[in-house]
Amino acid sequence: MITFIKYFLLFLVILVLQVFVLDQAPQIIPYARPVLFFAFIIALPEMYDLWLMGIAFTGGLLLDILYGTPGINAAACVLLAYLKVPLIRLIKKDEEENSVPSGHITYLGFTRYLIYILVVSLLFHFVTGFLSVFTFAQAGQTILRAIVNTIVSVILIYIFEIIFFYRRSAKI
Amino acid sequence: MGNIFAFLLRHHKFFVFIILEGICFSLVVNYNRDQGSAFSQFSSEVSGSVYKSFAGMKYYFHLRETNDSLMAENARLRAKMNNALYFDTAKTRSINDTIFKQRYTFIPCDVVNNSVTSMNNYLTLGSGKKMGVGKHLGVVSTAGIVGITRDVSEHFSSVLSVLHKDFTVSAEIRENKQIGTVTWDGRNPNIVVMKDIPLNVRLKTGMHVVTSPFSDLFPAGTPVGYVVKFEANHNDANYTVYVWLCSDIRNLRKVYVVNNLMRDEKQKIEPGAESK
């Protein structure tokens, strides 16, 4: 129960940060839209995949309702939730074959964690980018935007992860 | 059935993922104006092309009915055209002369059917009893003789062509007044055969052959053709003369039926004589 409240509070913090801070901040780099939101999927502990997808769907839909774009963020979040465990299995260190996969920096290490969130945020920005323009006509520009957004988002999430989840020991 | 459930259970994550993404996609296209219009445009394009090709296939299967209806319409339109109507206002042309009594009248007719390729060839004329065409009358074109009317209905008449094995006409060679009989041997539709020219007559190619005064059917001197070849037939001491026809039977369009006003009078005083 305590875990649930902890993660629910975390979700609220991320949502507030996203909607009321990051989205209101002046654009420093053109095109760039810093997205911290999907960090809550990364942050969620190991759990049954269906639950993870359900939570991702609900959270994404909540953000969509705030943005007035039903479905776009929800679709991206469900995709991230579905691919979370397979991605970690792909990226994790070889010697930790039988350990519980976790998407945290303490478990994966600095470099692997960077690769992990790079892939995740690229996926997220590709999906949201193409869903919101809904055409492949100007694919080049959409991809460029996705890449710029990814760079900004990765920096943000990395800082966020270090602040909230980094422990010196391997224990989470 | 059990296998299906097992399969669904094994891949339940993937199916839940697909269902959730499907819900997201339906939300995107249903509640976002730009995406919705783009999606409906795309889907209408796809469905439009599918329906178009399907309609093309359906059209192909209905070609027979379409053809039939078009043909029926064509027939209706053709029946309204001028050449489908029968003009019975045309007048018989005759020459009124105070010195000469009228002997022949000419009835202008259109050729509506024609054949030259068989052994017995016929023409059909677009004039019948109503126009004064009777049985057994001569038919001439502007160039020469064509045939003899055989059967006559109200509006049409059938003509026994020169190119018929039963056709005979009395003819003469204009240059030396030798009379013979013209028939057709069934070979060349441009050449008829003239018989009964005795061997003592001097013949040359290019001599003119015209109908003789013996004929009831044609006015005397109506062109038949000209001599292209002659062979001496020593069995009966006659020539076989090959005559190139003046009328091109193949391409006849307009002909005249020759009405001999004095034929009955002549035949009355010729006991047992068949008209030639």
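**Close-up 1. A hairpin in chain B of this predicted model.** Here S10(B) and S11(B) make a hairpin, with 4 residues sitting between the two strands. Look for B:Ala237 in the turn, where phi is positive, at about 55°. S10(B) covers residues 223-233 of chain B, and S11(B) covers residues 238-245. The two strands run antiparallel and are joined by 8 bridges. To find your way along the pair, start at B:Val227, which stands opposite B:Val243 in S11(B).

**Close-up 2. Another partner for S10(B) is strand S9 of chain B.** S9(B) is a short entry in the numbering, residues 208-211. S9(B) and S10(B) pair in the antiparallel sense, this time over 3 bridges. A handy landmark is B:Val209, with B:Gly225 of S10(B) opposite. As background, strands of a sheet pair through backbone hydrogen bonds, in either a parallel or an antiparallel way.

**Close-up 3. A barrel in chain B, closed by 6 strands.** Going around, the order is S1-S2-S5-S4-S3-S12, and the pairing is antiparallel. On average, neighbouring strands of this sheet are turned by 45° against each other, ignoring direction.

**Close-up 4. One pair from the barrel order, S2(B) with S5(B).** S2(B) spans residues 122-125 and S5(B) spans residues 157-161. There are 4 bridges between them, in the antiparallel sense. Pick out B:Tyr122 and you can locate its bridge partner in S5(B), B:Leu160.

**Close-up 5. Where chain B touches chain A.** Chain A brings 16 residues to the contact, and chain B brings 14. On the chain B side, helix H2 (12-31) and helix H3 (33-61) each supply at least two residues. The largest share there, 10 residues, comes from H2(B). Sorted by class, the chain B side has 9 nonpolar, 2 polar and 3 charged residues.

**Close-up 6. Helix against helix across the two chains: H3(A) and H2(B).** H3(A) takes in residues 49-67 of chain A, and its axis lies 10 Å from that of H2(B). How are these two helices oriented to each other? They pack at an angle of about 10°; angles under 35 degrees count as roughly parallel, and H3(A) and H2(B) are therefore roughly parallel to each other. From H3(A), the contact uses A:Asp49, A:Leu50, A:Met53 and A:Phe57. From H2(B) come B:Lys13, B:Val16, B:Phe17 and B:Leu20. By class, this helix contact has 6 nonpolar and 2 charged residues, with no polar ones.

Note on methods:
Residues are numbered from 1 along each chain as its sequence is written. Chains are lettered from A and ligands numbered from 1 in the order in which they are written. This is a predicted model: local features need pLDDT of at least 70, side-chain atom pairs count only at pLDDT 80 or more; totals for chains, interfaces and linings use all residues. Two residues are in contact if their C-beta atoms, placed from the backbone, lie within 7 Å. Ala, Val, Leu, Ile, Met, Phe, Trp, Tyr, Cys and Pro count as nonpolar, Asp, Glu, Lys and Arg as charged, and the others, Gly among them, as polar. Two strands pair if DSSP finds at least two bridges between them. Axes are lines fitted to C-alpha atoms, for helices over the stretch in contact, and angles run from 0 to 180 degrees between N-to-C directions. Angles under 35 degrees count as roughly parallel, over 145 as roughly antiparallel, 65 to 115 as roughly perpendicular and the rest as oblique.
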